[in-house]
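Here are some friendly notes to read with the structure open beside you. Take the points in order, and look for each part as you go.

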Amino acid sequence: MKAYVPPLEGRRSGSNLLLDFNERTMPPSKEVVAALQKFAQEGNLQIYPEYNPLIEKLSAFINTDRDYLMLSNGSDNAIDTAFRTYLSKGDKIIIPQPSFTMFAHSANLQEAEILTPSYTFENGYPLKEVKELLKTQQVKICVICNPNNPTGSMLDQEDIQILLGENKQVLFLIDEAYFEFINETSLPLVQTNENVIVTRTFSKAMGIPALRFGYLLAQPSLINEMIKVRGPYAVNMMSVTAAMTSIDHQTDVSTYVDEVMNISKPMMEMFYQSKNINFWPSGCNFHLIEKPIDNLDEKLAEKNIRVRDMKYPGYENTIRISIGTKEDTEKILAVLNSIL
Ligand SMILES: Cc1ncc(COP(=O)(O)O)c(C=O)c1O
């Protein structure tokens with residue numbers, strides 16, 4: 001195996017507009033920053049982490065019982081912990097492609113056999129193929145990345161419910177990294193199904209990917225096993241502090257999400273349509289587009305705008321462009337207009 005090395009280097013330098021990692025284009029609220037400063041200054045760093053206050057606050061925030069919750073070091077760590085707990089050498093796992101790289105990476109670490117039906121432009125999640133695989137193969141885990149990175153495809157909650165109900169022997173991992181942008185969730189299915197895990201993160205709409213905070217939701221019988229594998233100190237106290245404060249200042253998050261989804265996104269889509277650029281129907285804060293010219297990513301980089309050139313086999317002619325604020329959108333559209 002190779003290490004997963006995302007193209008992160010040099011992004012922080014200069015005045016880059018970062019539209020390559022589906023991050024927020026604005027820092028988190030000033031209250032989050034102030035809470036971090038206060039935590040460091042008040043002499044807390046020499047003490048090991050403590051999670052109860054955050055578990056209480058987060059479970060109330062998402063309206064679930066605390067026994068259904070596991071904190072993690074980013075949702076990468078939640079996904080990896082789930083696979084390390086429930087996937088063994090030779091087990092079969094369905095990971096429709098293209099998708100977020102860490103699913104396959106963590107499954108490969110377990111030496112699992114990965115089944116890879118393909119997303120399609122027309123239908124999104126390959127529901128028919130997945131159903132067929134679940135019927136004909138002995139599958140241990142099935143991944144539903146909802147919405148999917150990089151295509152933005154969404155699977156209806158009714159379809160998910162049917163899939164779970166018909167395949168009680170399979171564990172479904174539902175990734176909701178972009179939940180705040182879509183406000184649709186499979187969380188109610190966690191209450192009623194023993195075979196589902198939902199993963200979420202504070203790296204996207206909440207805006208603290210640098211601190212690495214995520215969480216996982218499942219029935220207590222699953223949580224108890226996964227916590228053994230995750231270990232006692234996976235999340236550091238700066239993350240805990242930022243997450244607690246972020247939960248208390250949700251207006252900042254909803255204002256950002258509203259601007260991205262209701263102002264910037266339609267602006268980007270109108271532009272793509274006006275230039276006849278094909279883009280995948282997206283449920284969230286990014287688009288996968290067909291490159292109108294070969295080196296579009298390089299041309300944008302020359303103007304300090306980073307986008308993500310796709311390396312997935314079969315998708316070499318696509319790039320993924322995250323959506324930022326109205327100001328960011330005006331900036332990228334002005335540059336795109338000058339290039340195309
Ligand atoms: C679909 C999806 N899941 C999970 C993650 C991981 O996020 P993090 O580990 O920062 O929580 C990402 C990040 O890009 C993602 O796109």
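1. One term before we start: two residues are in contact if their C-beta atoms, placed from the backbone, lie within 7 Å. With that in hand, turn to Phe39, which sits in helix α1 (residues 30–41). Which residues does Phe39 touch, leaving aside its neighbours within four places in sequence? They are Asn44, Met237, Met238 and Thr241. Take Met238 from that list: 199 residues separate Phe39 from Met238 in sequence, yet their C-alpha atoms are 7.5 Å apart in space.

2. Is Phe39 buried, exposed or partly exposed? A residue counts as buried with 20 or more other C-beta atoms within 10 Å of its own, and as exposed with 12 or fewer. Phe39 has 18 such atoms, so it is partly exposed.

3. Now step back to the whole chain, and please keep in mind that this is a predicted model. You can find 13 helices and twelve strands in the protein. Its radius of gyration is 20 Å, close to the 20 Å that the globule rule gives for 340 residues, so the protein is as compact as a globular protein of that length. Along its principal axes, the C-alpha trace spans about 60 × 55 × 35 Å.

4. How much of the protein is buried? Buried residues make up 42% of the 340 residues. The pair in point 1 was far apart in sequence, so to speak of the whole protein: among contacts with a separation of 6 or more, 71% join residues 24 or more positions apart.

5. The protein is divided into two parts: domain 1 (17–27 + 251–339) and domain 2 (30–248). Their C-alpha centres lie 25 Å apart. Where they meet, 22 residues of domain 1 are in contact with 20 residues of domain 2. On the domain 1 side, α11 (250–274) and β9 (286–290) each supply at least two of the touching residues. Helix α11 gives the most, with four residues. By type, the touching residues of domain 1 divide into 14 nonpolar, five polar and three charged.

6. Helix α13 (residues 326–339) is a good one to trace by eye. It has 14 residues and reaches 20 Å from its first C-alpha to its last, close to the 20 Å expected at 1.5 Å a residue. Which residues of α13 are buried? They are Asp328, Thr329, Ile332 and Leu336. These cover an arc of only 95° around the axis, which puts them on the same side of α13. A general rule helps here: an α-helix has 3.6 residues a turn, so residues three or four places apart point the same way. On the other side of α13, the exposed residues are Lys326, Glu327, Ala334, Asn337 and Ser338. The cover over the buried residues of α13 includes β1 (17–18), α11 and β10 (305–306).

7. Try the same reading on helix α6 (residues 157–166), where Ile160, Leu163 and Leu164 are buried. Why do they line one face of the helix? Seen down the axis of α6, the buried residues fall within an arc of 95°, so they line one face. The face turned away from that buried side carries the exposed residues Glu158, Gly165 and Glu166. Among the elements covering the buried residues of α6 are β5 (139–145), β6 (171–175), α8 (187–192) and β7 (196–201).

Conventions: Residues are numbered from 1 along each chain as its sequence is written. This is a predicted model: local features need pLDDT of at least 70, side-chain atom pairs count only at pLDDT 80 or more; totals for chains, interfaces and linings use all residues. Domain bounds come from an automatic or database domain assignment. Ala, Val, Leu, Ile, Met, Phe, Trp, Tyr, Cys and Pro count as nonpolar, Asp, Glu, Lys and Arg as charged, and the others, Gly among them, as polar. The radius of gyration is taken over C-alpha atoms; the globule rule is 2.2 Å times the number of residues to the power 0.38. The expected span of a helix is 1.5 Å times one less than its number of residues. The arc is that of the directions from the helix axis to the C-beta atoms.
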